[in-house]
Amino acid sequence: MGCRWCADPGISTGFHGRCICTDEETDCSSIYPPQVPEERRLVLSENTDFDSNVQLRPQRASLNMNVGDVVRMKVQYRVAQDYPVDLYYLLDLSDSMKHIRNNVSRLGTNLANKMRSLTRNFRLGFGSFVDKPIEPFYDYIQCLTNGFETQQCEGKVNIVDECMKPYSYKHHLDLSEDDTRFTSEVKKAPLSKNIDSPEGTFDAIMQAIVCQDKIGWRENARHLLVVSTDASFHYAGDGKVNIRLPIPNDMQCHLDASGKFSHSLKFDYPSVSQINQVAMKHYVHVIFVVQNKLYTVYQHLTSGVYASSVLTLSDDSSNLLQLLTTEYEKITENVVLADSADPNYLTVTYNSTCSGYNSATHNCQVGKHEHVEYTIDIKAERCPENRSEWTQHFEIFNPKLKQRLLVAVNITCECACEVHGYTTDAAECSHSGSYKCGVCDCDPGLHGSKCQCDIKSSAIEEIGCRASNSSSTEPVCSGNGHCECGVCANEVSNENPFPCLKNIKYE
């Protein structure tokens, strides 16, 4: 519960006579801070209506409140018709993925047609990965011994450079509406081979996400990154331990002119938290498409990568198209609102009508063209010590989309009677302090309700404020007051003259 301060002169009951609960009735004529007028508590500065690009409204709001206040606002979300979708297909091109690559190459036109039945604004791109081209992840001699050159490299002039040597990541096709080119790029992409089972999946995911301009991710679009593999993944530490790459991944784009990851042998693999960080920053929904034997591995991974999911591919990968279209529908229909409010100062709670009745949830299932209304309560818990943080800025958003509601909360953390209208060298304070908000703010070296006590004498004066024969550890005035010039008093102490105004939260 918040506290307000009564600045009326002549109150002699100490803190509790001046500190008034927010909802308490009072005869006090000078209350600080005053209640915020209803019309100023919530101001919507941007509230564009729904269209093909707007799914969340309002878009910007300002709140003015005192500590303990709760401001309620309505937020609406609607799944937009024909909202832009960018789908980037990241394919493991190790030799064991040959049959899946062939199926994906045939998938392009069918996937595009199916997705365009859900949204006419659809683009498709393609990239591939294997692993870092260095022992112990890759051994050229062993690959030759296994006869791989006859499968993929027959007739090549330079077997090592043109088809045998693996790579961490290669970008083949920018996001575009040309699904026929997607088919041809996937079909002609050469397979490679490495030794160990885990792949360099994280290197590829990192580059596919952070190379925003080179991939062609649109700012206002739903971003889907489909990762198709038949192996587990290397992660941070594997490069450091196995191939002495001590430099952590820098989460930056490093593609050469051919579209390959140029710093593969400079940086270690990314960590799960780094993948999560860039996926959230760029609003990318990562979809892992794996066979049943790897489902558990990737299910655990999705718990560390926000807004990610895992799909199980059939043995012949014939269900790939259905998996992706079904998952897209689930993604669009599942609406989750989150926020970036600092819980030290603000509490944000959600209620919604998505289930047909009001319920305390920020997670809703919304059908196509439907909308859901959220009732969001924002409470100011306390004032930050840093004055620059008295206006708190945060966002309410769907983690899968870039659209967000920008919220500015102005918390009243200083009262007018502290700033102007007070008396200096006040008679009420023995001409040794300022009379502010009904109490004395004493000059340095003085204290007491009228600034009548010398701080240098406080230790000696406290003796007169303790019960006879009591120890020095016992509270002065038996805990029922404070010591003023050797006498117990219930008056407010100027050691903290404005307790309700100085960021103290009263429960």
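The exercises below, each with a worked solution, concern salt bridges, disulfides and burial in a predicted model.

**Exercise 1. Describe the overall make-up of the protein.**

Solution. Start with secondary structure: the protein has 15 helices and 26 strands. Next take burial: of its 507 residues, 51% are buried. Then consider the contacts with a separation of 6 or more; 68% of these are between residues 24 or more positions apart. Last, the accessible surface is about 23600 Å², and carbon and sulfur atoms hold 48% of that area.

**Exercise 2. Determine whether R60 and E46 form a salt bridge, and state which elements the pair connects.**

Solution. The cut-off for a side-chain nitrogen of Lys or Arg and a carboxyl oxygen of Asp or Glu is 4 Å. The closest N and O atoms of R60 and E46 are 3.6 Å apart, and the pair forms a salt bridge. R60 belongs to strand 6 (residues 60-66) and E46 to strand 4 (residues 42-46), so the bridge ties together parts 14 residues apart in sequence. For the environment, R60 has 38% relative accessibility and is partly exposed. E46, at 32%, is also partly exposed.

**Exercise 3. Describe the salt bridges K132–D203 and D441–K436, including the burial of each residue.**

Solution. Take K132 and D203 first: their side chains meet in a salt bridge with an N to O distance of 2.8 Å. K132 sits in the loop between strand 9 (122-129) and helix 4 (140-145), while D203 sits in helix 8 (residues 201-210); the two are 71 residues apart. Both residues are buried.

Now take D441 and K436, whose closest N and O atoms lie 3.7 Å apart in a salt bridge. Here D441 is partly exposed at 25% relative accessibility, whereas K436 is buried at 13%.

To place these pairs in context, the whole structure holds 16 salt bridges. Salt bridges also link E38, R41 and D69 in a network.

**Exercise 4. Characterise the disulfides C6–C28 and C211–C253 by distance, handedness and position.**

Solution. In the C6–C28 disulfide, the sulfur atoms are 2.0 Å apart. The angle about the S-S bond is 95°, and the link is right-handed. C6 is in strand 1 (residues 3-6) and C28 in the loop between strand 2 (19-21) and strand 3 (31-32), so the link ties together parts 22 residues apart in sequence. Burial completes the description: C6 is buried at 2% relative accessible area, and C28 is buried at 13%.

For C211 and C253, the sulfur atoms in the disulfide are 2.0 Å apart. With 105° about the S-S bond, this link is right-handed. C211 lies in the loop between helix 8 and helix 9 (212-215), and C253 in the loop between helix 10 (238-243) and helix 11 (272-281), so the parts tied together are 42 residues apart in sequence. C211 is buried at 1% relative accessibility, but C253 is partly exposed at 29%.

**Exercise 5. Find the handedness of the C442–C451 disulfide and decide whether C415 is paired or unpaired.**

Solution. C442 and C451 are joined with an S to S distance of 2.1 Å. The torsion about their S-S bond is about -95°, so the disulfide is left-handed. C442 is buried at 12% relative accessible area, as is C451 at 3%.

For C415, compare the distance to the nearest cysteine sulfur with the disulfide cut-off of 2.5 Å. That sulfur belongs to C417 and is 5.3 Å away; C415 is in no disulfide. C415 is buried, with a relative accessible area of 4%. The whole structure contains eight disulfides.

Definitions and conventions: Residues are numbered from 1 along each chain as its sequence is written. This is a predicted model: local features need pLDDT of at least 70, side-chain atom pairs count only at pLDDT 80 or more; totals for chains, interfaces and linings use all residues. Side-chain values use heavy atoms; hydrogens and water are left out. Helices (H or I, at least four residues) and strands (E, at least two) are DSSP runs, numbered from the N terminus. Buried means under 20% relative accessible area, exposed over 50%, partly exposed in between (1.4 Å probe, protein chains only). Contact means heavy atoms within 4.5 Å. Accessible areas come from the Shrake-Rupley method with a 1.4 Å probe; for residues, only the protein chains shown count as cover.
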